[in-house]
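This report looks at how aromatic rings and charged side chains are arranged in a single model, and then turns to the surroundings of one lysine.

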Amino acid sequence: MSLFGLGSRNQKTFRPKKNAPSGSKGAQLQKHIDATLGSGNLREAVRLPPGEDLNEWLAVNTVDFFNQVNILYGTLTEFCTASNCPTMTAGPKYEYRWADGVTIKKPIEVSAPKYVEYLMDWIESQLDNEMIFPQKLGVPFPQNFRDVVKTIFKRLFRVYAHIYHEHFQKIVSLKEEAHLNTCFKHFVLFTWEFRLIDKGELAPLQELVESILQL
């Protein structure tokens, strides 16, 4: 099955790739990301380019990481089902419950695919909200922008934690482990560079994270 095996995928969980708006600052930064990733040096690729705005950099990369996790999880939708994964876990010690603070205020226990669906819907609504992610040049980012970004990354990490703990053998059988590991390494280096995830949140994959960061 290819990475983009759309036929067997639940269309609700897989979304078309989001792009930085053309002609915007984001589009220029996207070119920079593509160029630096092509060099193979992930530590260099995550750094804020000289003279660039930090919030713009966070915004473009947030869209990128959303797309990456979306595609990775999309390859597993036929295996990550409500019967196979009745709760959103990351190994025996960690279980995640869903709340968005708006429609669902008290955290609820849901299956892993339902959790990821709620999560991707929630992130997409943040990315589409021009009060949070302004699309036009010169429009300021809100004061709470970094907090929103931190919440997005914290929740995207949970999808990685679930994939590694519950579906890694399937990833290996699909020959996707190198791609998964590269995506996760990029994700960890970026979140570490800008202090986007509290260390405690990384506990389910602590050894892997530490090996990436070589702490």
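In this predicted model, the structure holds 17 aromatic pairs. One of them joins Phe65 and Phe153, whose ring centres are 5.6 Å apart and whose planes meet at 70 degrees; because planes over 60 degrees apart count as edge-to-face, the pair is assigned to that class. Phe65 belongs to helix α3 (residues 54-74) and Phe153 to helix α5, so the pair ties together parts that are 88 residues apart in sequence. Both Phe65 and Phe153 are buried. These two residues also belong to one aromatic cluster, in which they are joined by Phe157, Tyr160, Tyr164, Phe168, Phe184, Phe187, Phe190 and Phe194.

Lysine side chains also meet aromatic rings, and the table gives two cases in which the charged end sits over a ring.

| Charged residue | Ring | Distance from charged end to ring centre |
|---|---|---|
| Lys114 | Tyr118 | 5.1 Å |
| Lys170 | Phe79 | 4.4 Å |

A further lysine, Lys154, lies in helix α5, which covers residues 145-173. Is Lys154 buried, partly exposed or exposed? Its relative accessible area is 27%, and because buried means under 20% and exposed means over 50%, Lys154 is classed as partly exposed. When residues up to four places away in sequence are not counted, Lys154 touches Ile197 and Glu201. Leu202 is separated from Lys154 by 48 residues in sequence, while the C-alpha to C-alpha distance between Lys154 and Leu202 is 8.7 Å.

Key:
Residues are numbered from 1 along each chain as its sequence is written. This is a predicted model: local features need pLDDT of at least 70, side-chain atom pairs count only at pLDDT 80 or more; totals for chains, interfaces and linings use all residues. Side-chain values use heavy atoms; hydrogens and water are left out. Helices (H or I, at least four residues) and strands (E, at least two) are DSSP runs, numbered from the N terminus. Buried means under 20% relative accessible area, exposed over 50%, partly exposed in between (1.4 Å probe, protein chains only). Contact means heavy atoms within 4.5 Å. Rings of Phe, Tyr and Trp (its six-membered ring) pair if their centres lie within 6.5 Å; planes under 30 degrees apart count as stacked, over 60 as edge-to-face and the rest as tilted. A charge sits over a ring if NZ of Lys or CZ of Arg is within 6 Å of the ring centre and within 35 degrees of the ring normal.
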